[in-house]
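Visitor: I'm new to looking at protein models, and I'd like some help reading one. Could you walk me through it?

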Amino acid sequence: MSRRIKDFVLDLFFPNRCPLCGNVIKWDIPYCEKCYDELPQTGSELCLGCGNGRTQCVCGSEKLNYVRCYAAFYYTGVAKEAVVYLKNTKNRIFPDIVAEKLYDDICGDHYKFKADYIIPVPMSKIKLRKRGYNQAEMLALSLSDILKVPVKTDALAKRESLVAQHKLSLQMRKKNAENIYFKGNPEGLEGKVVILCDDVMTTGSTINECAGLLKEMGAAAVIAAAAATTIR
C-alpha cells in the first residue's frame, strides 16, 4: 500500500486538521492557505535589541540579559490560534513555519552570531507529565533543524506555579519568574552563545529571567526567539 493511500485511509478515522486554526482540512495538504496568508508577521517596526516596538524601545533604560530578540508573529488572529492549538495538539508544522520566519529575520539582521545551543524555556515536571510535551521544545527542534544547532533541554528548570504568568501584572510577572525558574545542568555552557526559545513573549519577564540564569551559568550571550509576541 502506497504512503498516499495509507494517509487517505488514516484520514477517514483521524481527520487531518490545520495546525493554524484546528479546522478539518483535506487529507493531503499541511495547512489552510488562507490561514498561512493571514499570519500576522512582525517586521521592521520591532526593535531587535529588546523586542519592543521601536517607539517603546527599552534597550538603554532596562537591564536586559539577552542581546537580541526575534519574534515571528504577533500574538493575535491566526498566530494566536496556532499557538493555542500547539499547546493542545503536538505537531511540527506550525513550529516549522515559525522557524522559517525566525531564520529569515536572523539572516536579515545586521547583528551576526553563531549559536552553539538552542534552549527551550522549560515547563514544570507536573505540567510536562500532563501535556506530554513542551511546546517551546517543539519550536526549538524546528529551529534546530533549519539552523543546524543542537537543542539542550536540561540547562533550565521550572517549579510549578500556582498562578499562570499571563494572569499576573507586569511587576508580579517579574517576581514570579524569579521564583519559578532555576538553573539546571550548566555543562557545556561556558563561553557559548545560546538561543533561548519560547512560544509567546508578553512582557519579556520570563525570557529575561531565563537569559539571566543562562549567563550566570557561563553563557557568553543569549539570543531570544519567540513564535509570537503581544508587544506592538
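Guide: Let's go from the whole chain down to a few pairs of side chains. Keep in mind that this is a predicted model.

Visitor: Okay, starting with the big picture, how many helices and strands are there?

Guide: The chain has eight helices and six strands. Reading from the N terminus, you meet them in the order α-α-β-α-α-β-α-α-β-α-β-β-α-β.

Visitor: And how much of the chain is buried?

Guide: Out of 232 residues, 47% count as buried. As for the outside, about 12200 Å² is exposed, and carbon and sulfur atoms supply 53% of that.

Visitor: What share of the contacts comes from residues 24 or more positions apart?

Guide: Looking at contacts with a separation of 6 or more, 73% are between residues at least 24 positions apart. Glutamate 209 makes a nice example to look up: you'll find it in helix α8, which covers residues 205-216.

Visitor: Which residues does glutamate 209 touch, leaving aside its neighbours within four places in sequence?

Guide: Those are Ala177, Glu178 and Tyr181. You can also check its spacing to isoleucine 180: the two are 29 residues apart in sequence, and their C-alpha atoms are 9.8 Å apart in space.

Visitor: Now for salt bridges. What's the general idea?

Guide: Side chains of opposite charge can pair when their charged atoms come close. In this structure there are eight salt bridges. One of them joins lysine 34 and glutamate 38, at 2.8 Å from N to O.

Visitor: Are lysine 34 and glutamate 38 buried or exposed?

Guide: Lysine 34 counts as exposed because its relative accessibility is 58%, and the cut-off for exposed is over 50%. Glutamate 38 has 41%, so it counts as partly exposed.

Visitor: Is there a pair with a buried partner that I could look at?

Guide: Try aspartate 154 and lysine 152, whose side chains meet in a salt bridge of 3.0 Å, N to O. Lysine 152 is buried, at 9% relative accessible area, while aspartate 154 is partly exposed at 36%.

Visitor: Which parts does the salt bridge between lysine 183 and glutamate 216 tie together?

Guide: That salt bridge spans 3.0 Å from N to O. Lysine 183 sits in strand β4 (residues 181-183) and glutamate 216 in helix α8, so the pair links parts 33 residues apart in sequence. Lysine 183 is partly exposed, at 40%, and glutamate 216 is exposed, at 55%.

Visitor: Which residues are joined into one network by salt bridges that share partners?

Guide: Arg92, Asp96 and Asp145 are joined that way.

Technical notes:
Residues numbered from 1 in each chain as written. Predicted model: local features only at pLDDT ≥ 70, side-chain atom pairs only at ≥ 80, totals over all residues. Heavy atoms only, no water. Helix = DSSP H or I, 4+ residues; strand = E, 2+ residues; numbered from the N terminus. Buried < 20%, exposed > 50% of the residue type's maximum accessible area, 1.4 Å probe, protein only. Contact = heavy atoms within 4.5 Å. Areas by Shrake-Rupley, 256 points an atom, 1.4 Å probe, with all protein chains shown as cover. Salt bridge = Lys/Arg side-chain N within 4 Å of Asp/Glu carboxyl O.
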